[in-house]
Amino acid sequence: QVQLVESGGGLVQAGGSLRLSCAASGSIFAINDMGWYRQAPGKQRELVAAITSGGSTHYSDSVKGRFTISRDNAKNTVYLQMNSLKPEDTAVYYCNARGTSSWPFGADFGSWGQGTQVTVSS
């Protein structure tokens, strides 16, 4: 089993910043892709940012230039630095990781974190 634990969410004013962290643990052999998704009430869950094991990144158009995704492979952790936050960024943010498990060895896995609330006030 692979578990993801998120932290760093909270309430901030527009223009402020938050840094989200997501640590993976459990039967991990290798992590390939890690990403952050968000879901606002009444809306579909959307990909915010993703990063591959090689460091290639992807951002949704709505957050480009404001958010930065990074990872620490030694710690099995992915981060999302969110700057210049806007009220429309308000959502539950979920971490996702895909990779290969160590038990069962060689099996692929896809795991989600529990979600962390980000609320941006105007």
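Trainee: I'd like to begin with A91: is this residue buried or exposed?

Mentor: Good place to start, and keep in mind that we are reading a predicted model. A residue counts as buried when its relative accessible area is under 20%. A91 has a relative accessible area of 2%, so A91 is buried.

Trainee: Which residues is A91 in contact with, apart from its neighbours within four places in sequence?

Mentor: With that neighbourhood set aside, A91 touches R38, Q39 and A40, and also T116, Q117 and V118. For a view across the chain, take G15: 76 residues separate it from A91 in sequence, and their C-alpha atoms are 16 Å apart.

Trainee: In which strand does A91 lie?

Mentor: A91 belongs to strand β9, which covers residues 91–102.

Trainee: How many bridges join β9 to β4?

Mentor: When you read strand pairing, look at the partner, the direction and the number of bridges. Strand β4, residues 28–39, runs antiparallel to β9, and ten bridges join the two. One place to look is Y37, which stands opposite Y94 in β9.

Trainee: What about β11 and β10: in which sense do they pair with β9?

Mentor: Strand β11, residues 116–121, is joined to β9 by three bridges and runs antiparallel to it. There, V92 faces Q117 of β11 across the pairing. Strand β10, residues 105–112, also pairs with β9 in the antiparallel sense, over six bridges. In that pairing, A97 has S111 of β10 as its bridge partner.

Trainee: How many residues lie between β9 and β10 in their hairpin?

Mentor: Two residues lie between β9 and β10 in the hairpin that they form.

Trainee: And how should I picture the side chains along a strand?

Mentor: In a regular strand, side chains alternate between the two faces of the sheet. With that idea in mind, let us visit N96 in strand β9. N96 has a relative accessible area of 8%, which means that it is buried.

Trainee: Which residues does N96 contact beyond its neighbours within four places in sequence?

Mentor: The contacts of N96 are L4, D33, M34, G35, Y37, S111 and W112. With S111 you can look at single atoms: a polar atom of the N96 side chain lies 3.1 Å from the backbone oxygen of S111.

Trainee: Now for covalent links. Which residues form a disulfide?

Mentor: To read a disulfide, find the two sulfur atoms, then ask which parts of the chain they join. Here the count comes to one disulfide. Its partners are C22 and C95, with sulfur atoms 2.1 Å apart. The angle about the S-S bond is -85°, and the link is left-handed. Because C22 lies in strand β3 (residues 18–26) and C95 in strand β9, the pair ties together parts that are 73 residues apart in sequence. Both C22 and C95 are buried.

Trainee: You mentioned β3. What is the strand order in its sheet?

Mentor: An open sheet of four strands has the order β1-β3-β8-β7, with antiparallel pairing. At its edges are β1 (2–7) and β7 (67–72), each of which pairs on one side only. From one strand to the next, the twist averages 15°. Within this sheet, six bridges join β3 to the antiparallel strand β8, residues 77–82. You can find L20 opposite L80 of β8.

Trainee: Last topic, charges. How many salt bridges are found in the whole structure?

Mentor: The search finds five salt bridges. For each one, check the N to O distance, and then see how accessible the partners are. R98 and D33 meet at 2.8 Å, N to O. This pair links distant parts of the chain, with R98 in strand β9 and D33 in strand β4, 65 residues apart. R98 counts as partly exposed at 45% relative accessibility, while D33 is buried at 19%.

Trainee: Which residues are linked with R38 in a network of salt bridges?

Mentor: R38 shares that network with E46, R66 and D89. Between the side chains of R38 and E46 the N to O distance is 2.8 Å. R38 counts as buried at 6% relative accessibility, and E46 as partly exposed at 32%. You can also look at K64 and D61, whose salt bridge spans 3.4 Å, N to O. D61 has a relative accessible area of 67%, so D61 is exposed.

Key:
Residues numbered from 1 in each chain as written. Predicted model: local features only at pLDDT ≥ 70, side-chain atom pairs only at ≥ 80, totals over all residues. Heavy atoms only, no water. Buried < 20%, exposed > 50% of the residue type's maximum accessible area, 1.4 Å probe, protein only. Contact = heavy atoms within 4.5 Å. Pairing = 2+ DSSP bridges. Disulfide = S-S within 2.5 Å. Polar contact = N/O pair within 3.5 Å; in protein donor to acceptor, adjacent residues only side chain to side chain. Axes fitted to C-alpha atoms, helices over the stretch in contact; angles between N-to-C directions. Salt bridge = Lys/Arg side-chain N within 4 Å of Asp/Glu carboxyl O.
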